[in-house]
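Please walk through this model from single residues to helix packing and then to the chain as a whole.

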Amino acid sequence: MPAFFISKINRRCWIIKELQINEQIRDKEIRLIDADGEQLGIVSSIRGMEVADERKMDLVKIAPKAKPPVCKVMDYGKYKYELAKREKEARKKQKTITVKEIRLSPNIESHDLNVKARQAVGFLKDGDKVKVSVRFRGREMGHTEMGRVVLKDFIKLTEEVGEIEKHPKLEGRNMVMYLGPKTE
C-alpha cells in the first residue's frame, strides 16, 4: 500500500504527493543520501535497504524523476510529523482578508452617513476590506450623480485609515466602490 501525504495549496486545490518507502522502491540503482545529508553514492536499492535497516530507519524516495532516483535514509514517521507541523505553522501565519459590505442610499442623512463611516473605519482598522454600495430604487436611477456625491463624502470620512482600491462604478442598480486598509 503506497504511503502518501496530502498538502493544501489553496481552498479548492489539493495536491497528493506520493512517496515510496522501503520495499516499494523497485529501481535497480539509486543515489543514496545518509540521514545527516551526506551522499553515499550510487548503490543498488537492495544495498540501500540494508543501510536503512542497519540504522533502524526507512529508505524514502525523495526525487523519483532524477537519473538515478534519489533516496534518503530517514525516520519516515518523524518526517511526516514535522511536515504536518510546518504546514500548520504556515496556516497560522496566514492573514485572511474578508470583505465587509456597507449599504447606503442616495438620500442618506449626514448623521447616518457618519455612523456607517465609523463602522467602516472599524473594519479597516481590523485589516478587512470594505465594499460600499449605494442602492438606487425606482426613479433614483435617473439621479446616479447623487450616489457618487454620497460615496465621495464617505471617502472623505474614511480617508485617514482607508484608501480606494476600486473607484465608484455603476453595476446594475448599485454603485459600488471598494476600500482597503491604508498601507504604510
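Lys-131 is partly exposed in this predicted model, because its relative accessible area of 23% falls between the 20% that bounds buried residues and the 50% that bounds exposed ones. The residue belongs to strand 8, which covers residues 129-135. Leaving aside residues up to four places away in sequence, Lys-131 touches Val-99, Lys-100, Glu-101 and Ile-102, and also Val-176, Met-177 and Tyr-178. Leu-179 is 48 residues from Lys-131 in sequence, yet the two C-alpha atoms are 6.4 Å apart in space.

A second lysine, Lys-61, sits in strand 5. With a relative accessible area of 9%, Lys-61 is under the 20% cut-off and therefore counts as buried. Its contacts, again without residues up to four places away in sequence, are Leu-19, Gln-20, Ile-25, Asp-27, Pro-69, Val-70 and Cys-71. One of these, Ile-25, is 36 residues from Lys-61 in sequence and 7.2 Å from it in space, C-alpha to C-alpha.

Strand 5 (58-63) is also part of what covers the buried residues of helix 1, together with strand 3 (29-33), strand 4 (39-44) and strand 6 (70-74). Helix 1 spans residues 45-54, and its buried residues are Ser-45, Gly-48, Met-49, Val-51 and Ala-52. Viewed down the helix axis, these buried residues fall within an arc of 160°, so they line one face of helix 1. Ile-46, Asp-53 and Glu-54 are exposed, and they are carried on the face turned away from that buried side.

The backbone just after helix 1 deserves a look. Lys-56 lies in the loop between helix 1 and strand 5, and its phi is positive, near 55°, although the residue is not glycine. Its relative accessibility is 78%, over the 50% limit, so Lys-56 counts as exposed. Another backbone feature is found in the loop between strand 5 and strand 6, where Pro-68 is located. The peptide bond joining Lys-67 and Pro-68 is cis, with omega at about -15°. Why single out these two features? Because most residues other than glycine have a negative phi, and most peptide bonds are trans.

Next comes the packing of two helices. Helix 3 (residues 110-125) and helix 4 (residues 144-158) pack with their axes 9 Å apart and at an angle of about 50°. That angle lies outside the ranges for roughly parallel, perpendicular or antiparallel, so helix 3 is oblique to helix 4. The crossing of helix 3 past helix 4 is right-handed. On the side of helix 3, the contact is made by Leu-113, Asn-114, Lys-116, Ala-117, Ala-120 and Val-121; helix 4 contributes Val-150, Asp-153, Phe-154, Leu-157 and Thr-158. By type, the residues of this contact comprise seven nonpolar, two polar and two charged.

The whole chain can now be considered. Its secondary structure amounts to four helices and ten strands, which follow one another from the N terminus in the order β-β-β-β-α-β-β-α-β-α-β-α-β-β. The chain has 184 residues, of which 30% count as buried. Among contacts between residues at least 6 apart in sequence, 52% join residues at least 24 apart.

Conventions:
Residues are numbered from 1 along each chain as its sequence is written. This is a predicted model: local features need pLDDT of at least 70, side-chain atom pairs count only at pLDDT 80 or more; totals for chains, interfaces and linings use all residues. Side-chain values use heavy atoms; hydrogens and water are left out. Buried means under 20% relative accessible area, exposed over 50%, partly exposed in between (1.4 Å probe, protein chains only). The arc is that of the directions from the helix axis to the C-beta atoms. Contact means heavy atoms within 4.5 Å. Axes are lines fitted to C-alpha atoms, for helices over the stretch in contact, and angles run from 0 to 180 degrees between N-to-C directions. Angles under 35 degrees count as roughly parallel, over 145 as roughly antiparallel, 65 to 115 as roughly perpendicular and the rest as oblique. A crossing is left-handed if the near helix is turned anticlockwise from the far one by less than a right angle, and right-handed if clockwise. Ala, Val, Leu, Ile, Met, Phe, Trp, Tyr, Cys and Pro count as nonpolar, Asp, Glu, Lys and Arg as charged, and the others, Gly among them, as polar.
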